[in-house]
Amino acid sequence: MKTYLLYITLIITAYNAQAQTVLSAKDADAVKAKITATSKNIQSMQATFTQEKFMSVLSKKITSKGSFYFKKENLVRWEYTEPFKYIIVLSGAKVQIKDDKKVSEYDMSSNKSFKQINDMMIQLVQGNVLNSTQYKITYFDVQGQYMVQLVPIDKKLKSMFSSIQLYFDKTTYDVVSFKMIEVNADYTLVKFNNKKQNITVDASKFVLK
Amino acid sequence: MLHRSIVLIFTILLFSSLKAQQKIPYLFSKNDSVYTFHALLDAYNYHFSGIMAIKKIDQEHRIVFTTETGTTLFDFSVKGNKCSINYVQSDMKNPLMLQLIKKDLCDLVQSYRSKKGFEKNYLESAEHKQIQSNNMSASQNIVQNDIYSVEVVKSSKKVKTLFYTIRSNTITSEMDIRITHHTIPVTIDLMGFVATE
């Protein structure tokens, strides 16, 4: 029995090793340059997204869906349609949240973690996150995609996340998904679909009334 | 004539009383079901929004709030009369705010641990007894169709109000709950209650 378990462990380890390879410094630099160049060309972006939140205590995933909009420099709109309808607009230091009852407006400083994560997301879309000194950054080749793993160095981020994994398309170098893994191994996975870049996104998308 | 009037008044009172008793369902009771809300917390100068999930596991309830940016804001356990903190994010570590939100949410879950809650007679409910033990009183009112409120009063001053807006009559229905404090700037909004197995 022990021998079987050993074989199974070896097979899984070998499979994982094959599935996820750390890039050499030279390859990592090349991938970083390509991702940064691609991201810097993004003036606007529109996509649909699926967000999966896994919480071990619930032993199930909560899946949310909606649309994502970004406009340079720092305008972001998350429009959730399932399971609850609400919209979050981030505009500079302001956050607006609209549910079916009202629009609420807050200063981002009223939720510092929110600000920190939002900054990370904007840096991600703009490609600056790869130059961040707040993380230890490692590049991986993961079957058909590049995965950039960010391990927080910053004390506050470290208290929230064990790592953040960014997945990029191997041919276009666009961000495909990202996974934020909390210290207790709970995670949030956001996948982008139907991406459209550098299209006209009306300014009204970033003002809630 | 007098007899008829008395019967009519009695019938109206009975029906309005039954309506109040029937329409507020017994929440958070099913083992292993997950109850989720879109949640907004406003406390002093802090604001948090995301999804709050409540799960009953045997005799324990877990209350977990996750922000839309993917971080767990807090994780509470409610067992018997004990409410404990399993995890809290640093942004929530203002002790006054944390204790107040913890108490409100644990009270909310505990209120429906027993079927004595709204289903029978609110004045005999565990929630009402708990409120009375803190030298406060409470009353249950029908605000309008499908909106119910519980007002908690101390020394004839309103302390907090719980509003229940029911969107249909089944246990798995969508429901909004709002807890508003009147003496301190704290509001908890739980919207679009959904129960899943």
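Me: A salt bridge is a side-chain nitrogen of Lys or Arg within 4 Å of a carboxyl oxygen of Asp or Glu. With that in hand, how many salt bridges are there between chain B and chain A?

Reply: Zero, by that rule. Over all chains, though, the count comes to nine. Bear in mind that this is a predicted model, in which local features need pLDDT of at least 70 and side-chain atom pairs count only at pLDDT 80 or more, while totals for chains, interfaces and linings use all residues. Numbering starts from 1 along each chain as its sequence is written, chains are lettered from A and ligands numbered from 1 in the order written, and side-chain values use heavy atoms, with hydrogens and water left out.

Me: Then what makes Lys53(A) and Glu182(A) a salt bridge?

Reply: The N to O distance is 2.5 Å, and the cut-off is 4 Å, so the pair passes. Side chains of opposite charge can pair when their charged atoms come close. Lys53(A) is in strand β2 (residues 44–55) of chain A and Glu182(A) in strand β11 (residues 175–182) of chain A, so the bridge ties together parts 129 residues apart in sequence. Strands here are DSSP runs of E with at least two residues, helices are runs of H or I with at least four, and both are numbered from the N terminus.

Me: How do you know whether Lys53(A) and Glu182(A) are buried or exposed?

Reply: From relative accessible area: under 20% is buried, over 50% exposed, and in between is partly exposed (1.4 Å probe, protein chains only). Lys53(A) has 4%, so it is buried, and Glu182(A) is buried too, with 3%.

Me: And why does the pair Glu105(A) and Lys94(A) count as a salt bridge?

Reply: The closest N and O atoms are 3.5 Å apart, which is within the limit, so it counts. Glu105(A) sits in strand β7 (residues 103–107) of chain A and Lys94(A) in strand β6 (residues 94–98) of chain A, 11 residues apart. Glu105(A), at 44%, is partly exposed, and so is Lys94(A), at 48%.

Me: What makes Arg62(B) and Asp75(B) a salt bridge, and what does the pair tie together?

Reply: Their closest N and O atoms are 2.8 Å apart, so the rule is met. Arg62(B) belongs to strand β3 (residues 60–67) of chain B and Asp75(B) to strand β4 (residues 72–79) of chain B, so parts 13 residues apart in sequence are tied together. Arg62(B) is buried at 18%, and Asp75(B) is buried at 10%.

Me: What makes the largest nonpolar core a core?

Reply: Its members are buried Ala, Val, Leu, Ile, Met, Phe, Trp, Tyr and Cys residues joined through side-chain atoms within 4.5 Å. This one has 57 residues, and Phe68(A), Trp78(A), Ile88(A), Leu166(A), Phe178(A) and Phe192(A) have the most contacts inside it. Helix α3 (residues 112–126) of chain A gives the most, with seven residues. A second, separate core has 38 residues, including Phe48(B), Ile63(B), Phe65(B) and Leu108(B).

Me: Which residues does Trp78(A) contact beyond its sequence neighbours?

Reply: Contact means heavy atoms within 4.5 Å. Leaving aside neighbours within four places, the partners of Trp78(A) include Phe49(A), Tyr86(A), Met121(A) and Val190(A).

Me: Why are Tyr44(B), Tyr46(B) and Leu96(B) called a nonpolar patch?

Reply: A patch takes residues with over 30% relative accessible area and no salt bridge; nonpolar side chains (Val, Leu, Ile, Met, Phe, Trp, Tyr) are joined within 5 Å, like charges within 9 Å. Leu96(B), in helix α2 (residues 95–111) of chain B, is exposed at 53%, so it clears that bar. Together the three have about 270 Å² of accessible area (Shrake-Rupley, 1.4 Å probe; for residues, only the protein chains shown count as cover).

Me: How do you know how much area chain B and chain A bury between them?

Reply: Buried area is the accessible area (1.4 Å probe) that two parts lose on being put together, summed over both. Here that comes to about 2,900 Å², 57% of it on carbon and sulfur atoms. His47(B), Glu68(B) and Thr69(B) supply 22% of what chain B buries against chain A, more than any other three residues. In contacts, 36 residues of chain B meet 33 residues of chain A.
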